[in-house]
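Work through the following exercises with the sequence and the model open beside you, and try each task before you read its solution.

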Amino acid sequence: MNDDTTLDPNTNNGPAWNARYLDDDIPWDKQAPCPGLVDWLADQAEEAVPPKLGRWLVPGCGLGHDVQALADAGADALGIDLSPAAAKRATALGRTVLVADLFDLPADWAGTFDGVWEHTCFCAIHPEQRDAYVAAVHRVLKPNGSFLGIFFDAESDGTEGPPFKARFDTVRTHFATRFQNVPSAPNWVPRRQHRAAAERMLLLQR
Ligand SMILES: C[S@@+](CC[C@H](N)C(=O)[O-])C[C@H]1O[C@@H](n2cnc3c(N)ncnc32)[C@H](O)[C@@H]1O
C-alpha cells in the first residue's frame, strides 16, 4: 500500500480508491482473509457453546476475503466499499459486498449489526475522520454488539504501507470515547499476522 496523503478528509475519495482497483494496483490485497480474523473465528468455533455470530459488517472490505471468512464461519456477513470496481470483483467471487461510504450509511442500518470487523479501513481514512469512523461503526451496532479489529501499530511516517498508520494507543483513545472494553480480551495479539510484530487486535463492546 503506497502512502497517499492526497486523500482528502472533506471529500468522498471513492474515485482515487476505485482507480487503484481498476489498475489492479492493490498491494494490500493478500488474496486471503486476514490471518488474525481466521484465528479468532477458529477460537470461537472451539468454544464449548460456539457463539452465534449473527450479522456482521466489514467496512472498506476491498475484494471481500474477510467477508467470505465470516460467512464461512456462519455469520450473515456484509461488506461495503467506496470502490465500485472492488465491489464488482468481490461480488464476482460470491461475496456480499455493496458500494457504500462508511460515512454515509443508510439511516435504517442503525443498530442492526451484531459485529463490525475492521481491517485496513481505519488506516485508509484521513486522521481527521477517525472520530467519525468510530461514530459510524458505533451507530450500526446493536447494543452490546462487538467491534473487532486488527490495527497496524506504527507511526505514519510517509513510507511504504498504509496511508494513515496510527499507534495502537491512539487507536484505543479514539474508540474509548464510545466503546467498552471486553475484560476477557485485553491486548490480544493475534497468533498469525500479515505483518510480523506490527498488528494488534482490538475487541470492544458497544
Ligand atoms: C487499504 S484498502 C483495504 C481493503 C481490504 N480491507 C483489504 O484488506 O484488502 C482500504 C479500502 O477502504 C475503502 N474505503 C476507503 N474509505 C472508505 C469509506 N469511507 N467507506 C467505505 N470504504 C472505504 C477503499 O476503497 C479500499 O478498498
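**Exercise 1: a strand and its partners**

Strand E7, residues 199-205, is mostly covered, with five of its seven residues buried; a residue is buried if 20 or more other C-beta atoms lie within 10 Å of its own, exposed if 12 or fewer, and partly exposed in between, with C-beta atoms placed from the backbone. This is a predicted model, in which local features need pLDDT of at least 70 and side-chain atom pairs count only at pLDDT 80 or more, while totals for chains, interfaces and linings use all residues. Residues are numbered from 1 along each chain as its sequence is written.

Task: find which strands bridges join to E7.

Solution. Start from the terms: strands (E, at least two residues) and helices (H or I, at least four) are DSSP runs numbered from the N terminus, and two strands pair if DSSP finds at least two bridges between them. Next, take strand E5 (residues 141-152), which seven bridges join to E7 in an antiparallel arrangement; here Phe151 has Arg200 of E7 as its bridge partner. Then turn to strand E6 (residues 180-181), which also runs antiparallel to E7 and is joined to it by two bridges, with Asn181 partnered by Leu204 of E7.

**Exercise 2: positive phi**

Task: decide whether Asn144, whose phi is near 70°, is buried or exposed.

Solution. First locate Asn144, which lies in strand E5, and note that its phi is a positive value in a residue other than glycine. Then count its surroundings: Asn144 is exposed, because 9 other C-beta atoms lie within 10 Å.
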